Amino acid sequence: MQRSVICVQESSDRTLDIVRSLMTRKGDTILTDAHWGHGDKSYPRMVSAAMTRWCYVVSCDEMPDAELLDSISTAIAVTESEVFHNEA
């Protein structure tokens, strides 16, 4: 993935500091939001900040399995290919 958009809801822990220390690539975006108790209310902000045709959203209590992680590179290649753009 060339860009990541992370939204950190207000908290008393070091989550925002940790995200800032890890999100150092040009093009990465860090958003902050009020504490809603779950990420669903922050999704619209993240999606609107995305610079691609699609988003992969994962919450902090979710862990994608190896098969899904392996398939992401294929999905990215297809969506960025000329064939996909010519059919859209």
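A polar contact is a pair of N or O atoms within 3.5 Å, where one must be able to donate a hydrogen and the other to accept it. The side chains of aspartate 28 and arginine 25 make such a contact, at 3.0 Å. The model is predicted. This briefing covers that pair, then glutamine 9, then the largest pocket.

**The salt bridge**

- The whole structure holds 1 salt bridge.
- Its partners are aspartate 28 and arginine 25, with the closest N and O atoms 3.0 Å apart.
- Side chains of opposite charge can pair when their charged atoms come close.
- Aspartate 28 has a relative accessible area of 17%. It counts as buried because that value falls under 20%.
- Arginine 25 has a relative accessible area of 37%. It counts as partly exposed because 37% lies between the 20% and 50% limits.

**Surroundings of aspartate 28**

- Aspartate 28 sits in the loop between helix 1 and strand 2 (29-33).
- Besides arginine 25, the side chain of aspartate 28 reaches the backbone nitrogen of serine 4, at 2.9 Å.
- Serine 4 also appears among the contacts of aspartate 28 beyond four places in sequence, together with Gln2, Arg3 and Met23.

**Glutamine 9**

- Glutamine 9 belongs to strand 1.
- Its relative accessibility is 15%, so glutamine 9 counts as buried.
- The side chain of glutamine 9 reaches the backbone nitrogen of tryptophan 36 at 3.1 Å.
- Tryptophan 36 is one of the residues that glutamine 9 touches, when those up to four places away in sequence are not counted.
- The others are Asp33, Ala34, His35, Gly37, His38, Gly39 and Ser42.

**The largest pocket**

- The largest pocket contains about 1,400 Å³ of space.
- Its lining has 45 residues, and those closest to the centre are Val5, Ile6, Met46, Tyr56 and Val58.
- Strand 1 (5-9), helix 1 (15-22), helix 2 (43-49) and helix 3 (66-80) each supply at least two lining residues.
- Strand 1 gives the most, with 5 residues.
- By class, the lining of the largest pocket comprises 23 nonpolar, 16 polar and 6 charged residues.

Technical notes. Residues numbered from 1 in each chain as written. Predicted model: local features only at pLDDT ≥ 70, side-chain atom pairs only at ≥ 80, totals over all residues. Heavy atoms only, no water. Salt bridge = Lys/Arg side-chain N within 4 Å of Asp/Glu carboxyl O. Buried < 20%, exposed > 50% of the residue type's maximum accessible area, 1.4 Å probe, protein only. 1 Å grid on protein atoms, 1.4 Å probe; cavity = no way out; pocket = protein on both sides within 12 Å on 5 of 7 lines; lining within 4 Å. Points joined across faces, edges and corners; volume = space filled by probe spheres on them. Helix = DSSP H or I, 4+ residues; strand = E, 2+ residues; numbered from the N terminus. Nonpolar A, V, L, I, M, F, W, Y, C, P; charged D, E, K, R; others polar. Contact = heavy atoms within 4.5 Å.
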